[in-house]
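Dear colleague,

I am passing on to you the structure shown below, together with some notes on what was found in it. Please keep it open while you read, as the notes go through it part by part.

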Amino acid sequence: MRQRGSVSSFEQAELARVSPDSISLTRLQSAMSERSGFCRQKLAVLKSSSSQAYVSPRDLELAYMRLGDAQLTFRWLEEAYKERTERLLYLRVDPRFDFIRDDSRFSDLRRRVGL
C-alpha cells in the first residue's frame, strides 16, 4: 500500500517528461473549463431570471463573450446598443472584445456608437 503523498516510479517518470509549458497549458485549459462551466451556469440563471425580472443585455453579452461565442455576443451587443448601455463606450479599449475586433459587425457597431 502506498503512503499518502508518495509518488510511484511510473508517476515520477511521467513528471520527468512534463515541461513547464505543458503545465501552464494544462492549468490554462483547466481554468478555461471552469470559467466556461461558471459562465454556462450564470447564463442559465440569467435566462431563468429574465422571465420574472429585467436582465441587462450587458450581462448576457458578457457571459457569451467569456464563452467566446461571437454570434451571441453580437446579438446581445445589439440589444445593449438599442438600450444605449454605457458599457459600449469602452468598445475601443476593453481587451475582452479582442476576439471579435476584426469582425465587420464590430466596426459597424463602433461607428454607430460614435467611436
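**Helix contacts, cores and salt bridges**

To begin with one pair of helices, Gln71, Phe74, Leu77, Glu78 and Tyr81 in H4 meet Arg105, Phe106, Leu109, Arg112 and Val113 in H5. Please bear in mind throughout that this is a predicted model, and that what follows describes that model. The axes of H4 and H5 come within 11 Å and cross at roughly 10°, and since angles under 35 degrees count as roughly parallel, H4 and H5 are therefore roughly parallel to each other.

As for the chain as a whole, its secondary structure comes to 5 helices and 0 strands, so that, read from the N terminus on, the elements run α-α-α-α-α. Of the 115 residues of the protein chain, 23% count as buried. Among contacts between residues at least 6 apart in sequence, 46% join residues at least 24 apart.

H4 also packs against H3, at an angle of about 160° and with the two axes 8 Å apart. Angles over 145 degrees count as roughly antiparallel, and H3 and H4 are therefore roughly antiparallel to each other. In this pair, H3 passes H4 in a left-handed crossing. On the side of H3, the contact is made by Pro57, Leu60, Glu61, Tyr64 and Met65, and on the side of H4 by Leu72, Thr73, Trp76, Leu77, Glu79 and Ala80.

Turning to the interior, which residues make up the largest nonpolar core? This core has 11 residues, namely Leu62, Met65, Phe74, Leu77, Ala80, Leu88, Leu91, Phe97, Ile100, Phe106 and Leu109. The elements that give two or more residues to this core are helix H3 (57-67), helix H4 (70-82) and helix H5 (104-113), and the largest share, 3 residues, comes from H4. Apart from this core lies another, of 7 residues, among them Leu43, Val55, Leu60 and Tyr64. As general background, nonpolar side chains in soluble globular proteins tend to be buried together. To take one member of the largest core, Ala80 touches Pro57, Thr85 and Leu88, not counting residues up to four places away in sequence.

The charged side chains deserve a separate look, as the structure holds 9 salt bridges. In one of them, the side chains of Arg112 and Glu78 meet at 2.5 Å, N to O. Arg112 lies in helix H5 and Glu78 in helix H4, so the pair ties together parts that are 34 residues apart in sequence. Arg112 is partly exposed, with a relative accessible area of 27%, and Glu78 is likewise partly exposed, with a relative accessible area of 26%. Arg112 and Glu78 are also among the residues through which H4 and H5 meet.

Another salt bridge joins Asp98 to Arg101, the closest N and O atoms being 2.9 Å apart. Asp98 counts as partly exposed at 46% relative accessibility, and Arg101 counts as partly exposed at 21%.

Within a single helix, the side chains of Arg111 and Asp108 meet in a salt bridge (2.6 Å, N to O). Both Arg111 and Asp108 lie in helix H5, 3 residues apart, which is about one turn of the helix. Are these two partners exposed or partly exposed? Arg111 counts as exposed, at 56% relative accessibility, whereas Asp108 is partly exposed, with a relative accessible area of 29%.

There is also a network, in which salt bridges that share partners join Glu61, Arg87, Asp94 and Arg96. Of these, Arg87 is found in the loop between H4 and H5. With a relative accessible area of 6%, Arg87 is buried, because buried means under 20% relative accessible area. Leaving aside its neighbours within four places in sequence, Arg87 is in contact with Arg58, Glu61, Leu62, Met65, Asp94, Arg96 and Phe97. Leu62, Met65 and Phe97 belong to the largest nonpolar core, while Glu61, Asp94 and Arg96 belong to the network.

With kind regards

Conventions. Residues are numbered from 1 along each chain as its sequence is written. This is a predicted model: local features need pLDDT of at least 70, side-chain atom pairs count only at pLDDT 80 or more; totals for chains, interfaces and linings use all residues. Side-chain values use heavy atoms; hydrogens and water are left out. A nonpolar core is a set of buried Ala, Val, Leu, Ile, Met, Phe, Trp, Tyr and Cys residues joined through side-chain atoms within 4.5 Å. Buried means under 20% relative accessible area, exposed over 50%, partly exposed in between (1.4 Å probe, protein chains only). Helices (H or I, at least four residues) and strands (E, at least two) are DSSP runs, numbered from the N terminus. Contact means heavy atoms within 4.5 Å. A salt bridge is a side-chain nitrogen of Lys or Arg within 4 Å of a carboxyl oxygen of Asp or Glu. Axes are lines fitted to C-alpha atoms, for helices over the stretch in contact, and angles run from 0 to 180 degrees between N-to-C directions. Angles under 35 degrees count as roughly parallel, over 145 as roughly antiparallel, 65 to 115 as roughly perpendicular and the rest as oblique. A crossing is left-handed if the near helix is turned anticlockwise from the far one by less than a right angle, and right-handed if clockwise.
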